[in-house]
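Okay, thanks everyone, let's get going. I'll put the model up and then walk you through a few spots I picked out.

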Amino acid sequence: MTETFEAVVHYSQNDEIAVVTIDAPPVNAMGVAVRAGLHKALSRAFAEPSVKAVVLIGANDKFIAGIDIKEFGGPRNGVKLSDLQALIEQADKPVVAAIDGFALGGGLELALAVPFRISAARARLGLPEVNLGLLPAGGGTQRLTRLLGPEAALDIILSGRHLTAEEALRKGLVDRTVATALLPAALEFARTVVAASTPIRKIIELTDKVSGVDFEIFTAIRKKNESKWRGMVAPYKIVECIEAACRLGPREGLEVERNAFQVCLDAPARAAQVHLFFAERKAAKLPAGDAAARPRPIKSTAVIGAGTMGGGIAMALANAGYEVKILEISQDALDRGLDRVRSNYATSVTRGSTSQATADAALARIKGVLDYGALGDADLVIEAVFEDMALKQETFRKLDAVAKPGAILATNTSTMDIDAIAGATNRPGDVIGLHFFSPAHVMRLLEIIRGTKTSSETVATVMSFAKEIGKMPVLARNSDGFIGNRILKVYGRESEFLLEEGATPWQIDKALQAFGFPMGVFLMRDLAGLDVSWRVRQYRARFRDPNDRYSPVADRICELGRFGQKTGKGYYRYDGRTAVPDPEIEALIEKVSADLGIGRKPISDDEIVTRILTAMVNEGAFILGEGVARRASDIDVVYVHGYGFPKYRGGPMFWAENQGLAKVYETVQGFHARFGKLWRPAPLLAELADSGSGWPTGEES
Ligand code: NAI
């Protein structure tokens, strides 16, 4: 007979085994009712004399996906997770947690208080709190460290990743995995435990503290992640808690964890991380207008051009299990490209980020070809030839002639007009921009650019494909530079003007780094190489409005053959890889200022940062107002994941909203009065400043 508690937890008995089932669709989140129901059902089981063991399981092939998101960060009412854990840990009857679907966050923390855990082979387990700027405060840092040791706990909690059941078994997080039906296996497991009188293991009492620990690992991990964790609180607090589990007894360790959680909760960096967490999810959603479109199946893929980007894109596709044909203009170019791909894999293996077997398998999926005929069976072709419109159009004309009907034809152009490229084909509905970031097999951001004629089906297909290959898609409309590079242009432009007015490249870079960018704009340019954008500027010179202010500094530097790190000189001079300020560049900039009749004067770091960020935000507001980006938070996702904007500041648009849009507008107006037309305020910014509201939330669905 089944009894039900709080409408979401069922209790039944199978001979001497009680079965407690959480049944709170859709994901069995652990809200107030589930906790109360569990307390009653477990108490019932522990008090029932005929019960010898308990199986704790979730309905609908799920365990507990975590605490109820609605309660996140707020006070918990009623029964607490720690009450449930105490109830289980104090009981003299063994409990077996049977995990299917997801056991995440509080769900896994509950399972960690249970003496035995078995899992379906398809289940995923993890403590993802770090992604929201928090830490697992239901004893997760203390129990996991005691169960698996500090190295594994650091890895699992700091990454927040989902472990497969197989890895969980290997690490000792679960006692068994089963490929068959979970409940019968759990009952059987429980019966064996009863029959063998297997001692009940209580993690929290396993050892007073974890012994044999090399405490150097804590210093080392902090040092290793210094730049990655800058401005963040949670990762440091996680390390502190795990270290506490090794130095202190359970009671003090749990106390450290509680206090650390509170510190994370109050940190401003958390608001930024929460913003980004939801921003990333919203960005990946298909627009309502395309929702009815069915994605086309993608089985085989191809890439045109085996250069920096083409090679990286081929790796990204192969790593996700796709067969990839990669086409080059000559055998020589193909050999060079494939060599680079091979050497990238070799580096990953040396670094330990990929196993030899995985790398070999991925490499075997990449096949070099020279003939367009070989692309006829591809469902998706991504073009990554030189950034040259005539060449791209010619490539698409050839592609149009051989690609099968329904194939998606994508371009990796970083700035060019998608419509002009699509216009070279007789199927513009199938053409779309897929702007990968370098290195394409590593960077997760993928800007997806829909042209005027791109079909809903094409958009739906690539949005879902992006997720298949582990990328973070942001959908944009066609516009010069799309979202990312359009803003980068004003970012660079203002930095150059600041040079002319009195700053130096190293002062600007330092100010940007102090704000949180991993690298300043001039160091970044030197690293990427200055020659390509020089060529682009020469080509674009004819389209420039002669009345617009234009800084010739970059051109002057290139005229000296200084193309950045690869030539040993650029904005800086290079001693090996170390950038050194160069008086020659300072003199060059001073000469430019003099030639232009600009009086140089000291500029504060504050003004540098305000000016650059305000320019980015104003451009962002244009982009948003024109509908190039769907929402302000999409721009933040692009900037954080593609351009090194500090994560703990949430992105430029989030930064602006925190400043207050009225204040940002006022700053723009001030610069407009000082510097003229390039600082024209975006109409949307003016409108929002007036209304006193934040950015429009855009499409939430
Ligand atoms: P790259 O110069 O490294 O590679 C281009 C490759 O295309 C070369 O290997 C070349 O042999 C090949 N190629 C040229 N014409 C060809 C043809 N007709 N048929 C087949 N292959 C041909 O250039 P990169 O950096 O890989 O850039 C490629 C595209 O990706 C450009 O449109 C660029 O704007 C874009 N992009 C570049 C990024 C970067 O960081 N480098 C970032 C995002 C996009």
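So, what covers the buried residues of α5? The cover includes α4 (140-148), β9 (163-164), α6 (165-171), α9 and α10 (234-247). Keep in mind that this is a predicted model. Helix α5 itself runs over residues 150-159, and 7 of its 10 residues are buried, so the rest of the structure largely encloses the helix. The buried ones are Pro150, Ala152, Ala153, Leu154, Ile156, Ile157 and Leu158. For anyone who wants the helix geometry in mind here, an α-helix has 3.6 residues a turn, so residues three or four places apart point the same way. Right after α5 comes Gly160, with a positive phi near 65 degrees.

Now, α9 was on that list of covering elements, so let's go there. This helix spans residues 216-224, and Lys224 is in it. Lys224 is exposed, at 70% relative accessible area. Together with Lys228, Arg281, Arg444 and Lys647, Lys224 forms a positive surface patch. And Lys223? Its side chain meets that of Glu226 in a salt bridge, 3.8 Å from N to O. Lys223 counts as exposed, at 57% relative accessibility, while Glu226 is partly exposed, at 45%.

On to salt bridges in general. How many does the structure hold? There are 48 of them, and I'll show you two more.

Here's one: Arg549 with Glu500, where the closest N and O atoms are 3.0 Å apart. This pair links distant parts of the chain, 49 residues apart: Arg549 is in the loop between α22 (531-540) and α23 (553-559), and Glu500 is in helix α19 (residues 484-501). Is each partner buried or exposed? Arg549 is partly exposed, at 29% relative accessibility, but Glu500 is buried, at 1%.

The other one is Asp531 with Lys566, whose side chains meet at 2.9 Å, N to O. Asp531 sits in helix α22 and Lys566 in the loop between α23 and β19 (573-575), so the pair ties together parts that are 35 residues apart in sequence. Asp531 counts as buried, at 17% relative accessibility, and Lys566 as exposed, at 54%.

Last thing: some salt bridges share partners, and they join Arg493, Glu494, Glu500, Glu501, Arg549, Glu607, Arg611 and Arg674 into one network. You'll recognise Arg549 and Glu500 in there, the pair bridged at 3.0 Å. Okay, that's me done, over to you.

Terms used: Residues are numbered from 1 along each chain as its sequence is written. This is a predicted model: local features need pLDDT of at least 70, side-chain atom pairs count only at pLDDT 80 or more; totals for chains, interfaces and linings use all residues. Side-chain values use heavy atoms; hydrogens and water are left out. Patches are made of residues with over 30% relative accessible area and no salt bridge: like charges are joined within 9 Å, nonpolar side chains (Val, Leu, Ile, Met, Phe, Trp, Tyr) within 5 Å. Accessible areas come from the Shrake-Rupley method with a 1.4 Å probe; for residues, only the protein chains shown count as cover. A salt bridge is a side-chain nitrogen of Lys or Arg within 4 Å of a carboxyl oxygen of Asp or Glu. Lys and Arg count as positive and Asp and Glu as negative; His and the chain ends are not counted. The place of a charge is taken as NZ of Lys, CZ of Arg, CG of Asp or CD of Glu. Helices (H or I, at least four residues) and strands (E, at least two) are DSSP runs, numbered from the N terminus. Buried means under 20% relative accessible area, exposed over 50%, partly exposed in between (1.4 Å probe, protein chains only). Contact means heavy atoms within 4.5 Å.
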